[in-house]
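Work through the exercises below with the sequence and the model open. Try each task before reading its solution.

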Amino acid sequence: NCSDCSVSPSSCIKCLSDNYMDQDTGYCYNPIPDNSFVVSQSQMLIQTCNIYLSNCAQCANKTFCNKCLKNIPLLQNYTKRICVQSCPQEYYMTTDSSGNNICEHCYVENCSDCFQDPNKCNKCISGKYLDISTNDTCYDSKPDGYYYFNLNLNEIQPCGIPMDHCELCQSSNFCTQCIATDNWALYLNKTNLLQKCLSVCP
């Protein structure tokens, strides 16, 4: 499909009519290969996707990949679509309607891991605290009414989950303030060092 290879027998400088020339390889094609994109329709010029986009099987241009090689996830952000070895922080891997792996952004703000569900966070980014009672909020700091469920993992939980009618607490078994409108009182069990809210004193 080459009409002029005067410079080198292995590299074409002009293709036959109705053929596209690959600027990267010097080859002529008709139709255009899946892993190529059109640079100039008027000059019938194309380029190869994976030279500019690693592991890209189909692309629209140098920065916008449409499909990655098998099993490699496609990541899309505001400026580009690229193929990555694994989904980065704040993204999770899922599949599109064609069964291709894609990286989708977590819906929970400041979430670094929302594995399999964009609305549920498994881990917040560094310095944020995850409410494990709902897994849908990452806090800047521990709010009032919460205790550290797992400080090493920056996990917190509302005091009222393990202790009924507790508004403020130090841990899962030590309440420091009951909900005022409930009219319950604090009770300290000195034997077990537990403090909780009771409706009736023992």
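The exercises go from the whole chain to its disulfides and then to one sheet.

The model is predicted: local features need pLDDT of at least 70, side-chain atom pairs count only at pLDDT 80 or more, and totals for chains, interfaces and linings use all residues. Residues are numbered from 1 along each chain as its sequence is written, and side-chain values use heavy atoms, with hydrogens and water left out.

**Exercise 1. Overall form**

Task: Describe the secondary structure of the protein chain and how spread out the chain is.

Solution. Step 1: the protein chain has 22 strands and one helix. Helices (H or I, at least four residues) and strands (E, at least two) are DSSP runs, numbered from the N terminus.

Step 2: the radius of gyration is 30 Å, well over the 17 Å that the globule rule gives for 202 residues, so the protein chain is more spread out than a compact globule. This radius is taken over C-alpha atoms, and the rule is 2.2 Å times the number of residues to the power 0.38.

Step 3: along the principal axes, the C-alpha atoms fill a box of roughly 100 × 25 × 25 Å.

Step 4: 32% of the 202 residues count as buried. Buried means under 20% relative accessible area, exposed over 50%, and partly exposed in between (1.4 Å probe, protein chains only).

**Exercise 2. Disulfides**

Task: Find how many disulfides the whole structure has, then give the handedness of the links of cysteine 2 with cysteine 12 and of cysteine 49 with cysteine 59.

Solution. Step 1: a search of the whole structure finds 12 disulfides, each being a pair of cysteine sulfur atoms within 2.5 Å.

Step 2: cysteine 2 is joined to cysteine 12, S to S 2.0 Å. The torsion about their S-S bond is about 95°, so this disulfide is right-handed. Cysteine 2 lies in strand 1 (residues 2-4) and cysteine 12 in the loop between strand 1 and strand 2 (14-15), so the pair ties together parts that are 10 residues apart in sequence. Cysteine 2 is partly exposed at 32% relative accessible area, whereas cysteine 12 is buried at 7%.

Step 3: the sulfur atoms of cysteine 49 and cysteine 59 are 2.0 Å apart and form a disulfide. Its torsion is about -90°, so the link is left-handed. Cysteine 49 is in helix 1 (residues 49-52) and cysteine 59 in strand 7 (residues 56-59). Cysteine 49 is buried at 1% relative accessibility, and cysteine 59 is buried at 9%.

**Exercise 3. A cysteine to rule out**

Task: Explain why cysteine 5 is not bonded to cysteine 2.

Solution. The closest cysteine sulfur to that of cysteine 5 is in cysteine 2, at 4.8 Å, which is too far for a bond. Cysteine 5 is partly exposed, at 39% relative accessibility.

**Exercise 4. A four-stranded sheet**

Task: Identify the edge strands of the open sheet of four strands, then locate lysine 128 and its contacts.

Solution. Step 1: the strand order is 16-15-18-17, with mixed pairing. Strand 16 (138-139) and strand 17 (146-150) each have a single partner strand, so one side of each is left without a neighbour in the sheet. Two strands pair if DSSP finds at least two bridges between them.

Step 2: strand 15 (residues 129-131) pairs with strand 16 in the antiparallel sense over two bridges. Leucine 130 has cysteine 138 in strand 16 as its bridge partner.

Step 3: lysine 128 sits in the loop between strand 14 (123-124) and strand 15. Not counting residues up to four places away in sequence, lysine 128 touches Asn110, Cys138, Tyr139, Asp140 and Asn154, where contact means heavy atoms within 4.5 Å.
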